[in-house]
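Let's take a walk through this one, stopping at a few spots along the way. Have the viewer open and follow along.

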Amino acid sequence: MAIIGILCVPAMIVGILAYALYRKVKVYDAFMEGAREGMVTLFKIFPALLGLIVSVGMLRASGAFEWIVRLLNPFTSMLGFPSELIPLMLMRPISGSGAMAVITDIFQNYSPDSFVGKCASVMMGSTETTFYTIAIYYGSIGITKIRHTAKAALVADFVGMIGAVVAVHLILQ
Amino acid sequence: MMNYIWAGLIILSFVVSIFTGKIGETATEAMNSAKSAVETSISILGVMCFWMGLMRVAEKAGILEKLSTCMKPVISKLFKGVKRDETRQAILMNITANIFGIGNAATPFGLKAMEEMDKENGRKGVATNDMCLFVVLNTASIQLIPSTLLALRSNYGSQTPYSILPAVWAVSVAAAVLGICAAKLFAKNRK
């Protein structure tokens, strides 16, 4: 199954470039424009990333992570959920940069190709910064009664998080 | 909210470190982490920019419009209350931009869609069913190439950074589908 991921990437690159050439797009110019935007994005998120990587690093160094993990361990082990993922699970819905800081920490301590590393990757890739999204979208039009939005969004998050562990077990091991 | 979380994390670290006797390490780690934040950011920049560049090529080639035409029937079915074409178009562009990971384009389209939906909203200040559904769709990330994630994976020595993609797609589709079901179900119960 993992081979699909590896093969589809070259196929996608070739496909996009060939189709764009066929549509007479100035591919190189467009590529540079997009790449430049990548730089701008990174520079924009860097201060947040810095602040959160520092705080997550301190949490790990102080031993607070171990406490949190040990505290929640009874619940997660009941679900067969790796306790190393708890910090990511808690951070993911709140802050994108925070989740990035936590996943960096996970990749440093376990490899990205380990079971925990893969679960963390899938979790990160298939969920979003739920509360931030809700705040921005409703805030922009001045809606304060969001009714069932948060409940339904958390259902999706929960599926993403449990699903990540299940999917890694089923198709990536 | 981030103010409390961020300051809370740092204060908690120091409080815990008093009990664990690691106060020195915690203070040192702050400096080391700041350094590694720079290293991480610089080293993921290449992969991130590469994918964002490629996705821009796809956008210029009109692949986004193609995809949004394909999805139009599904979107019309899901968003029953949306009557006007501008609204539908904004929703479609937001979803396709999300799929292609062009966050900078997705958010403006998303905000536009919310604004358009609010014009058809009878009760100001209260979310409609369609709005709930739309925000839920945005919180379940369906993304073809999660470029930052791939960059981080290869930066930390993954042999096959892409191998996780099928699992990511499967799980995000499952999360989105169940999110939609939950939104529809909760909406029905409220009536």
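In this predicted model, start at A:Ser83, which sits in the loop of chain A between α3 (64-79) and α4 (86-91). Is this serine buried or exposed? Its relative accessible area is 18%, so A:Ser83 counts as buried, given that the cut-off for buried is under 20%. Leaving aside residues up to four places away in sequence, the contacts of A:Ser83 are A:Val69, A:Asn73 and A:Thr76.

Now to the rings. Over all chains, the structure has eight aromatic pairs. One of them is a tilted pair made by A:Trp67 and B:Phe19, with 6.2 Å from centre to centre and 45° between the planes. A:Trp67 belongs to helix α3 of chain A and B:Phe19 to helix α1 (residues 2-20) of chain B, so this pair joins two chains. As for solvent, A:Trp67 is partly exposed at 41% relative accessibility, while B:Phe19 is exposed, with a relative accessible area of 63%.

Another pair, B:Phe50 with B:Trp51, is edge-to-face: the centres are 5.4 Å apart and the planes make an angle of 80°. B:Phe50 is partly exposed at 33% relative accessibility, whereas B:Trp51 is buried, with a relative accessible area of 2%. Zoom out a little and these two turn out to be part of one aromatic cluster, along with A:Phe31 and B:Tyr162.

There's also a charge over a ring to look at. A:Lys151 lies over the face of B:Phe186, 4.3 Å from the ring centre.

Next, the empty space inside. Rolling a probe the size of a water molecule over the atoms is what reveals where such space is left. How many cavities of 30 Å³ or more are there? The count comes to two.

The largest cavity has a volume of about 50 Å³. Its lining is made up of A:Gly34, A:Glu37, B:Met52, B:Met55, B:Arg56, B:Glu59, B:Gly101 and B:Ile102. Two elements give two or more residues each to that lining, namely α2 (27-62) of chain A and α2 (23-60) of chain B. The largest share, four residues, comes from α2(B). Sorted by class, the lining of the largest cavity has three nonpolar, two polar and three charged residues.

The second largest cavity comes in at about 40 Å³. Around the second largest cavity you'll find B:Trp51, B:Met52, B:Met55, B:Phe100, B:Gly101, B:Gln143, B:Ile145 and B:Ser147. B:Trp51 is the buried tryptophan from the edge-to-face pair, so here is that residue again, now as part of a cavity wall. Once more α2(B) gives the largest share of the lining, this time three residues. Which classes make up this lining? Five residues are nonpolar, three are polar and none is charged.

Last stop, the backbone. A:Lys24 has a positive phi of about 60° although it is not a glycine. You'll find A:Lys24 in the loop between α1 (2-22) and α2 of chain A, and it is exposed, with a relative accessible area of 74%. A:Arg147 is another non-glycine residue with a positive phi, here about 50°. The loop that holds A:Arg147 runs between α7 (130-140) and α8 (149-172) of chain A. At a relative accessible area of 24%, A:Arg147 counts as partly exposed.

Definitions and conventions
Residues numbered from 1 in each chain as written. Chains lettered and ligands numbered in written order. Predicted model: local features only at pLDDT ≥ 70, side-chain atom pairs only at ≥ 80, totals over all residues. Heavy atoms only, no water. Buried < 20%, exposed > 50% of the residue type's maximum accessible area, 1.4 Å probe, protein only. Contact = heavy atoms within 4.5 Å. Phe/Tyr/Trp six-rings, centres within 6.5 Å; stacked < 30°, edge-to-face > 60°. Lys NZ or Arg CZ within 6 Å of the ring centre and 35° of its normal. 1 Å grid on protein atoms, 1.4 Å probe; cavity = no way out; pocket = protein on both sides within 12 Å on 5 of 7 lines; lining within 4 Å. Points joined across faces, edges and corners; volume = space filled by probe spheres on them. Nonpolar A, V, L, I, M, F, W, Y, C, P; charged D, E, K, R; others polar.
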